[in-house]
Structure formats: structure tokens, C-alpha cells
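Q: Please take a close look at one part of this protein for me: the spaces between its atoms, and what surrounds them. I am new to this, so please explain the terms as you go.

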Amino acid sequence: MFSRNTKKRTRFSDFLSGDYARDYIYQDIPYTGQIDRAAKLLSEADYVLLGAGAGMSTAAGAEYGGRFFEENFAEFQKIYGKGLYMQDMYSAGFYPFPDQESKWGYWAHQALLAGIDLDVTPLHKTLLDALTGKKLFLLSTNADHQFEKAGLPTEKIFQTQGSYRLIQCRRGCHPKTYDAEALFRQMERERVDGRIPHELVPKCPVCGGEMTMNLRVDDHFVEDENWHDAEERFGCFLSECKDKKTVLLELGVGFNTPTIIRFPFEKLVREHENITLIRLSRSKAMVPASLGDRAVGINADMAQSIEDIARILV
Ligand SMILES: [Zn+2]
């Protein structure tokens, strides 16, 4: 415990500030010009802070609904009907499952498909290769570990909203999470008609109550020791890069949780002249006009933008 707070660092709670910009614009610059500007900023930077949202995984090829869901979750659609919930993995997670056996039957399947076994890393690798030599850190709201699988060391990652590999006490009665990969695989093998055998239902080892995924959906989300260690490393990185040539490279961050990456990134650029922002998004790459040419917002297919930028850099 004494190792904490000894290094100068920015606290995550202080980083989490900033508000909806009142002067958002879609920059009126041709695509190739935007790509050139982004590549130039990156080539001149010593530090790159990556901020990844759901759009990054989607751009890289992850699928959550549509035909993918129909094909992979037919068992659950048959039992629960398609209705409002069984349309995609996001909505289905909110289904009021009748019991724990059914809940874990569903969630083990989603955790494996959307996280543990998901591999859409070629785009992530392209990006990491292009940034070779830069001091990197990743702040991510994704729970799918794609950058880690693409080779970014765990100690350079702060995955704030949880992990598809972990489970926790539903009430968050103690600050620990549990690796559930092996359990999920067993659930997946033994599931019948959407339900797992009763003996596989996990129980909280402390209070004996129900358990749940370690995904931030309410105030009971457990921030375990690894989470706090990552938070500390992120804070140290921020303190270090604040007065250096730094690019904040935002990847597929929309407006679901803009307070974690989008707004804080804009505030950092506003307050530090040496920091610039590159925002890549399929449709939400608007940037505050007041940031001038210290922000580049590229509204396009992100997979294409990343490849085009990488081609110039490598
Ligand atoms: Zn408990």
C-alpha cells in the first residue's frame, strides 16, 4: 500500500471533467488533407494517449447484432422471443432472465463471443505498428481486451468499465473480481435450452449472494486492485505527458459515456498548448471549433482512416 501515491500523478477523478462543447463543428477540410494533418501530428509527437470506445471494436470487425446475433444467439431468441431485447448483445444483456441458471447461460455465451474469444486485432495491430517508438497509453471503455491481444502490454492499458473475463459480487460487497474464463467455458459446454446446471451458478465467496459480470452498469461495479493499479499508471502517464508533445488519439468514442474520454480529452487540449487531438469516428467526429488546428476530426470509416494514416507513418 505504501507504493501508492509516491509518484506524481493526476488523479482519475480530476481527469474526469469537461462538458459538452457548445461549438462543435464538422471540419470542412477534404479527407486527404485531414489524413495528412493527423499523420503529421502523430509523427511529431513523443507521447500518444489512445482513447478507445465501442466504435474501435466495431471498425475492426466486431459484430453485436443483425445477422451475427441471429446466427449465434438463435437458442436464446427461440426461448425468450426476439422482442425488444433479443436483437443484439447490448439489448439482450438487459433481459430480465427468470433465474440465475438462465442468466449465466446467456452471459457466459456473450462473454466468450464478445470478449474472451473475440479477435478483431489486425486493425489494432496496424495502428500499434504505426505508432512504434511513441510512448503509448490506452484508456478504453471497451471490455474486450483487443489492444492487449494485439500486443499492447497490459501495464499500458486502463480498461475503466470492466472486463468480459471477470465476475464480481452483484452487490459489490468486497473489492475483488474473479477470473471466470474456465467457468464460462464449462457453462457453454453444459448449457441446455439456455440454462446451465444449478451447480455451476457462482456464489459470492464472502456474502453468499448472487454474482454478476464485472461490467460497469450500476454503482455496485467493483474496482479491484488491478483496476486501481491501472488507474495509478494512467495518472502517472498523464502527469508525464502534460508538458510534452502529446497527441490524444480518440478512436470510436460516441456520446454513450462522453465523460470518460471525449470531454476530458477536449479539456486537456484546451488547457495545454502542447497537446493536440485526433478524433476518428464513423459519424461523430465533430470537434470544438475553438480548438482550431489543434484538433483534427475525421468523420469516416475508421478502419480506412487508420490504414491511411498508418501508410504515411510507416
Ligand atoms: Zn458479496
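A: Let's start with the two kinds of space: on a 1 Å grid over the protein atoms alone, a cavity is a set of points where a 1.4 Å probe fits but cannot get out, while a pocket is an open set with protein on both sides within 12 Å along at least five of seven lines; lining residues have an atom within 4 Å of a point. Points are joined across faces, edges and corners, and a volume is the space filled by probe spheres set on them. The model is a predicted one, in which local features need pLDDT of at least 70 and side-chain atom pairs pLDDT 80 or more, while totals for chains, interfaces and linings use all residues. Residues are numbered from 1 along each chain as its sequence is written, and side-chain values use heavy atoms, leaving out hydrogens and water.

Take the open space to begin with. The second largest pocket encloses about 460 Å³. It is lined by 22 residues, and H145, T154, S163, L166 and N226 sit closest to its centre. Two or more lining residues come from each of β4, β5 (162-169), β6 (178-179) and α11 (225-241); these labels are DSSP runs counted from the N terminus, helices being H or I over at least four residues and strands E over at least two. Helix α11 supplies the largest share of this lining, 5 residues. By class, the pocket is lined by 8 nonpolar, 8 polar and 6 charged residues (nonpolar: Ala, Val, Leu, Ile, Met, Phe, Trp, Tyr, Cys and Pro; charged: Asp, Glu, Lys and Arg; polar: the others, Gly among them).

H145 deserves a second glance. This residue lies in the loop between β3 and α9. It has a positive phi of about 60 degrees, although it is not a glycine. Most residues other than glycine have a negative phi. H145 counts as buried because its relative accessibility is 11% (buried is under 20% relative accessible area, exposed over 50%, partly exposed in between, with a 1.4 Å probe on protein chains only). D193 makes a nice contrast: its phi is also positive, near 50 degrees, but at 61% relative accessibility D193 counts as exposed. Its place is the loop between α10 (181-190) and β7 (211-215).

Now for the closed spaces. The structure holds 2 cavities of 30 Å³ or more. The largest cavity has a volume of about 80 Å³. Of the 14 residues lining it, L138, S140, Q146, F147 and Q159 lie nearest the centre. The elements giving two or more residues to that lining are α3 (54-60), β3 (135-140), α9 (146-149) and β4 (157-159). The biggest contribution is from α9, with 3 residues. This lining is a mixture of 5 nonpolar, 7 polar and 2 charged residues.

The second largest cavity holds about 50 Å³ of space. Around it are L42, L127, A130, L249, L280, I306, I309, A310 and L313. Helices α8 (121-130) and α13 (302-313) each give two or more of these residues, and α13 gives the most, with 4. Here the lining has 9 nonpolar residues, with no polar and no charged ones.

What packs around these cavities? In α8, the buried residues are T121, L123, H124, L127, L128 and A130. Their cover includes β2 (47-52), α3, β3, α9, β8 (246-251) and α13.

F147, near the centre of the largest cavity, touches L50, A52, M56, H124, L127, L128, L138, L152, I157 and L251, leaving aside residues up to four places away in sequence (contact means heavy atoms within 4.5 Å). F147 is also among the residues with the most contacts inside the largest nonpolar core, along with L50, L249, L251 and L280; that core has 36 residues. Helix α2 (residues 31-44) provides its largest share, 5 residues. A core here is a set of buried Ala, Val, Leu, Ile, Met, Phe, Trp, Tyr and Cys residues joined through side-chain atoms within 4.5 Å. In soluble globular proteins, nonpolar side chains tend to be buried together. Two of the core residues just named, L249 and L280, also line the second largest cavity.

To put all this in the setting of the whole chain, buried residues make up 52% of its 314 residues. The chain has 13 helices and 11 strands, and its C-alpha trace spans about 60 × 50 × 35 Å along the principal axes.
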